[in-house]
Amino acid sequence: MEPKHYDYLIIGGGLSGLQLAKAIADHDLLQSKTLAIVEPKSKSKNDKTWCFWEKGEGKWDQLVSHVWHKAKVNTPYGEKHFDLAPYQYKKVRSVDFYEALIPELKKHPQITWIEDEVIDFELGEKHLIKGKNKTYTTAKLFDSSPPKKKGEAQYPYVLQHFKGKVIETTEDMFDPKAFTMMDFSVGYQDQCCFTYVLPTSSKRALIEFTFFTPSLVDKKTYDELIEVYLKQAGVENFSVEEVEAGVIPMTSFPFWKENTHNYMRIGTAGGWVKASSGYSFKNTEKQVAKIIELLQAEKGLDTPAKAARFQWYDDLFLRVLYHQNKVGNKLFTEMYNRNSIQSIFEFLDEESDITEEVKLINRFSKLPFLKALTKKALT
Ligand SMILES: Cc1cc2nc3c(=O)[nH]c(=O)nc-3n(C[C@H](O)[C@H](O)[C@H](O)COP(=O)(O)OP(=O)(O)OC[C@H]3O[C@@H](n4cnc5c(N)ncnc54)[C@H](O)[C@@H]3O)c2cc1C
């Protein structure tokens, strides 16, 4: 039997796949076209807590379960408090996102939700997608499955890896108006690591221990470090309500160079995770908007994803973290102590201009970057 053909096919119904499918449907691109989403999982669990900053109202506000207007960073020089205005830091539980988008997409007459796992595909005039259960063809393929190739030796590859516990305390312990972006008070073997705290009430918070390192640590290490953090913060009587763990690859490998006229890597697989911060929720919205413009203009999908200078900054920062990991905490401390949170957010969002970038870069210690540049030049 001929494989079923779709005009658009998306591998993966996660963050990027679902945002893209919804945008394609919302922009009337399915009046005479069909779309399939191939996803093996039921997506019924809260597997991630997505947080992101944005100015004022946003596209996903109906799904936002908590908003913070203040943040703090705890460095060896003390606690620094930030008023985020005009930004807000917002939290979306992945399960709320899946429950809002998946039933709506499944109801759409031009969209087919396929429960299958893609095991291979061949790009051609009609791309051939081989699933565990069936084979499909498509004219345009969007792929959010993890790339087989993790990068190449010339690109640094750092992992953001973490474990977090949502705890409920018996007494008031947290300020739900302020979240902790990075707390360096608990460390581990000179590695770049910190605790991230998201309080959602005076008695409930996500306490997450995070590393930015080239390799993973033993599973029990995260638990031990969270325990040390809680003891230090005087949190003794609590229950663990939820657990979240993850590994986010951070690389400057230009995955988008593998895009073709009718094939595009999306999400983490497409380099949409900011290489130096690990955030991608807000960038997903921006990248999806660019794809919609390309589809509406009937242009190819092989257009460059971002300004070369941001690629260069990320690459350099990752090189420092890869080869001189122990300076990571110091660099983050300098970044937060010497700049406004608004200019940091603008820079990480790649919305700053060169003058602001030069000022921000000048406030970092130069030596680690010079060492990284020298090493890069010699390899
Ligand atoms: C625990 C965790 C917390 C995070 N928190 C934040 C945060 O707070 N803020 C932020 O900005 N970013 C965060 N990130 C980073 C990033 O936003 C997420 O990883 C995001 O989900 C990436 O979107 P994606 O579409 O690339 O991947 P996913 O959302 O993981 O979607 C990929 C989908 O593809 C499916 N799939 C995989 N292989 C196949 C295959 N062979 N065939 C078919 N389907 C397949 C998977 O089942 C999955 O549903 C977090 C990441 C993790 C892991």
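Me: A polar contact is a pair of N or O atoms within 3.5 Å. In this predicted model, how far is the oxygen atom of the ligand from a polar backbone atom of threonine 268?

Reply: Remember that the cut-off for a polar contact is 3.5 Å. On the protein side, the partner is a polar backbone atom of threonine 268, and on the ligand side it's an oxygen atom. The pair fits within the cut-off, since a polar contact is N or O atoms within 3.5 Å and the distance here is 2.7 Å.

Me: How much of the ligand's accessible area does the protein cover?

Reply: Start with the ligand on its own, which has 980 Å² of accessible area. Then bring in the protein and ask what share of that gets covered: 88%.

Me: Which elements give two or more residues to the shell around the ligand?

Reply: Look for helices and strands that supply at least two residues to that shell. One helix and two strands make the list. They are helix H1 (15-26), strand E3 (49-55) and strand E16 (238-251).

Me: What is the distance from a polar side-chain atom of serine 16 to an oxygen atom of the ligand?

Reply: Ser16 is among the residues that come nearest to the ligand, along with Glu39, Lys43, Thr268 and Ser280. Lysine 48 also has a polar side-chain atom facing a ligand oxygen, at 3.0 Å. For serine 16, the distance is 2.6 Å.

Me: By class, how many charged residues does the shell around the ligand have?

Reply: The shell has 30 residues to sort. Of these, 13 are nonpolar and eleven are polar. The charged ones number six.

Me: Why does the ligand lie between domain 1 and domain 2, and what area do these two bury between them?

Reply: The ligand lies between them because domain 1 (4-48 + 93-151 + 252-296) and domain 2 (157-250) both give residues to the shell around it. The two domains also touch each other: twelve residues of domain 1 are in contact with ten of domain 2. Carbon and sulfur atoms carry 51% of the buried area, and the whole of it comes to about 750 Å².

Me: What is the omega of the peptide bond from alanine 85 to proline 86?

Reply: Most peptide bonds are trans. This one is cis, and proline 86 sits in the loop between strand E6 (78-83) and strand E7 (87-93). Its omega is near 5°.

Me: And what is the phi of aspartate 28?

Reply: Most residues other than glycine have a negative phi. Aspartate 28, in the loop between H1 and strand E2 (35-38), has a positive one. The value is near 60°.

Technical notes: Residues numbered from 1 in each chain as written. Predicted model: local features only at pLDDT ≥ 70, side-chain atom pairs only at ≥ 80, totals over all residues. Heavy atoms only, no water. Near = heavy atom within 4 Å. Polar contact = N/O pair within 3.5 Å; in protein donor to acceptor, adjacent residues only side chain to side chain. Areas by Shrake-Rupley, 256 points an atom, 1.4 Å probe, with all protein chains shown as cover. Helix = DSSP H or I, 4+ residues; strand = E, 2+ residues; numbered from the N terminus. Nonpolar A, V, L, I, M, F, W, Y, C, P; charged D, E, K, R; others polar. Domains from an automatic or database assignment. Contact = heavy atoms within 4.5 Å. Buried area = accessible area lost by both parts, 1.4 Å probe.
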